[in-house]
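Me: I'd like to go through this one slowly and ask why things get the labels they do. Can you show me the structure?

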Amino acid sequence: MTTMAPVGATPQPGSTTKKSFGKTPDGQPVDLYVLTNKSGAEASITNYGGALVSLKVPDRNGKLADVVLGYDNVDGYVKTRATLAR
């Protein structure tokens, strides 16, 4: 069973954590949901278009590595969306 941890909490195995990811230009808050499995792998997904921001999976030695090129906050996704809309 997965549980929702409080905002700002450190992700625990088998949990979901909600964090602030910034605001859109019109002031709407954007959140980041960090899903962590029992092995420690993490998927970070924003509610701004469901973008996969980060995916940390173990390498052959068991060390976690992020395999997704994502932005650190919502601003990068807003700029990319505006560029693609042209």
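Reply: Sure! There are 2 salt bridges in the structure. One heads-up: this is a predicted model, where local features need pLDDT of at least 70 and side-chain atom pairs count only at pLDDT 80 or more, while totals for chains, interfaces and linings use all residues. Residues are numbered from 1 along each chain as its sequence is written, and side-chain values use heavy atoms, with hydrogens and water left out.

Me: Why is the K18 and D31 pair called a salt bridge?

Reply: The label needs a side-chain nitrogen of Lys or Arg within 4 Å of a carboxyl oxygen of Asp or Glu. For K18 and D31 the N to O distance is 3.7 Å, so the pair fits the rule.

Me: What does that pair tie together?

Reply: K18 is in strand β2 and D31 in strand β3, so parts 13 residues apart in sequence get tied together. Strands here are DSSP runs (E, at least two residues), just as helices are (H or I, at least four), numbered from the N terminus.

Me: How do you know whether D31 is buried or exposed?

Reply: Check its relative accessible area: buried means under 20%, exposed over 50%, and partly exposed in between (1.4 Å probe, protein chains only). D31 has 16%, so buried it is. K18 has 28%, so K18 counts as partly exposed.

Me: And what makes E42 and K56 a salt bridge?

Reply: Their side chains meet at 4.0 Å, N to O. E42 sits in strand β4 (residues 42-46) and K56 in strand β5 (residues 52-58), so this pair ties together parts 14 residues apart in sequence. E42 is buried at 16%, whereas K56, at 31%, is partly exposed.

Me: On to the rings. How many aromatic pairs are there?

Reply: A search of the whole structure turns up 2. Rings of Phe, Tyr and Trp (its six-membered ring) pair if their centres lie within 6.5 Å; planes under 30 degrees apart are stacked, over 60 edge-to-face, and the rest tilted.

Me: Why is the F21 and Y77 pair called tilted?

Reply: The centres are 6.2 Å apart and the planes sit at 45 degrees, so tilted is the word. F21 is in strand β2 (residues 15-23) and Y77 in helix α1 (residues 74-85), 56 residues apart.

Me: What makes Y71 and Y77 edge-to-face?

Reply: Their planes are at 90 degrees, with centres 4.9 Å apart, so edge-to-face fits. Y71 is partly exposed at 39%, while Y77 is buried at 15%. Together, F21, Y71 and Y77 form one aromatic cluster.
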